[in-house]
Amino acid sequence: MIKNNSFLFFKESFKDFIRNPILVLPPLILLVFLTLFSKLSVFVNYKITQTPAITAWLVFFVVISLCVMSFLFSSLIGMSKESIGKKAAPRNFLFYGKKFWMKN
C-alpha cells in the first residue's frame, strides 16, 4: 500500500515538473552561485593571513550564502506552489523570492 502511494506521489511530481521545466531555474542558479562564491572564498582565504580577517570573511561568506539560499528556496517553493494548479511563470520567481526570503 505504501509503495503504491509513494510511486503515485513521484509520478505526479514528475508530471508537474515536465509541465513546468522553469522549476530548474532556482536550483541551477544556486549551484552556479555556490560554485563561484566558493572559488572566490578559496582565493580570498589564500590572500588573507590574519585570523580576525579570516573570521570576518567567514562570517560574511555565511551570511551572504544564507541570504541567497533563502531567496532562491523561497522562489522555488512559491513556483512549485504555482505549478500545482497551473503553469509557473518567471515572474513568480522574483515575486515569491522577494516576498518570503526573510521568513525563510
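Okay, let's start with a word I'll use a lot: buried means under 20% relative accessible area, exposed means over 50%, and partly exposed is in between, with a 1.4 Å probe and protein chains only. Take Leu31, which sits in helix α2. Buried or exposed, then? Leu31 is exposed, because its relative accessible area is 54%.

Some housekeeping before we go on. This is a predicted model, where local features need pLDDT of at least 70, side-chain atom pairs count only at pLDDT 80 or more, and totals for chains, interfaces and linings use all residues. Residues are numbered from 1 along each chain as its sequence is written, and side-chain values use heavy atoms, with hydrogens and water left out.

So how confident is the predictor? pLDDT is its confidence in each residue, from 0 to 100. The chain has a mean pLDDT of 84, with 95% of its residues at 70 or more. Among the elements, α2 has the highest mean, 92, and α1 the lowest, 74. Where pLDDT is low, the predicted coordinates should not be read in detail. By elements I mean DSSP runs, numbered from the N terminus: helices (H or I, at least four residues) and strands (E, at least two).

Now back to α2. This helix covers residues 25-47, 23 residues in total, and reaches 33 Å from its first C-alpha to its last. That is close to the expected 33 Å, where the expected span is 1.5 Å times one less than the number of residues.

Which residues of α2 are buried? They are Pro26, Leu30, Phe37, Ser41 and Val44. These pack against α3 (51-85) and α4 (90-100). Ser41 is a nice example: it counts as buried because its relative accessible area is 9%. Leaving out residues up to four places away in sequence, Ser41 touches Trp57 and Phe61, and contact here means heavy atoms within 4.5 Å. Both Trp57 and Phe61 are on the list of buried residues in α3.

Leu31 belongs to another story. Together with Phe14, Phe17, Ile18, Val24, Leu28, Val32 and Leu36, Leu31 forms a nonpolar patch on the surface, with about 760 Å² of accessible area in total. The elements giving two or more residues to the patch are α1 (2-19) and α2, and α2 gives the most, with four.

On to α3. Its 35 residues should span 51 Å at 1.5 Å a residue, and the end C-alpha atoms are 52 Å apart, so the two agree. Ser74 is in this helix, and it is buried because its relative accessibility is 5%. Here's a chain-distance point: Ser74 and Trp101 are 27 residues apart along the chain, yet their C-alpha atoms are separated by 5.6 Å.

After α3 comes a loop leading to α4, and Lys86 is in that loop. Lys86 is exposed because its relative accessible area is 54%. From Lys86 to Ser13 is 73 residues in sequence and 13 Å in space, C-alpha to C-alpha.

Last stop, α4, where we find Phe93. Phe93 counts as buried because its relative accessibility is 10%. What does Phe93 contact, neighbours within four places in sequence aside? Leu25, Pro26, Ile29, Phe71, Leu72, Ser75 and Met79. Of those, Pro26 is one of the buried residues of α2, while Leu72, Ser75 and Met79 are among the buried residues of α3.

Notes: Patch = residues over 30% accessible without salt bridge, like charges linked within 9 Å, V, L, I, M, F, W, Y side chains within 5 Å. Areas by Shrake-Rupley, 256 points an atom, 1.4 Å probe, with all protein chains shown as cover. Salt bridge = Lys/Arg side-chain N within 4 Å of Asp/Glu carboxyl O. pLDDT = per-residue confidence, 0-100.
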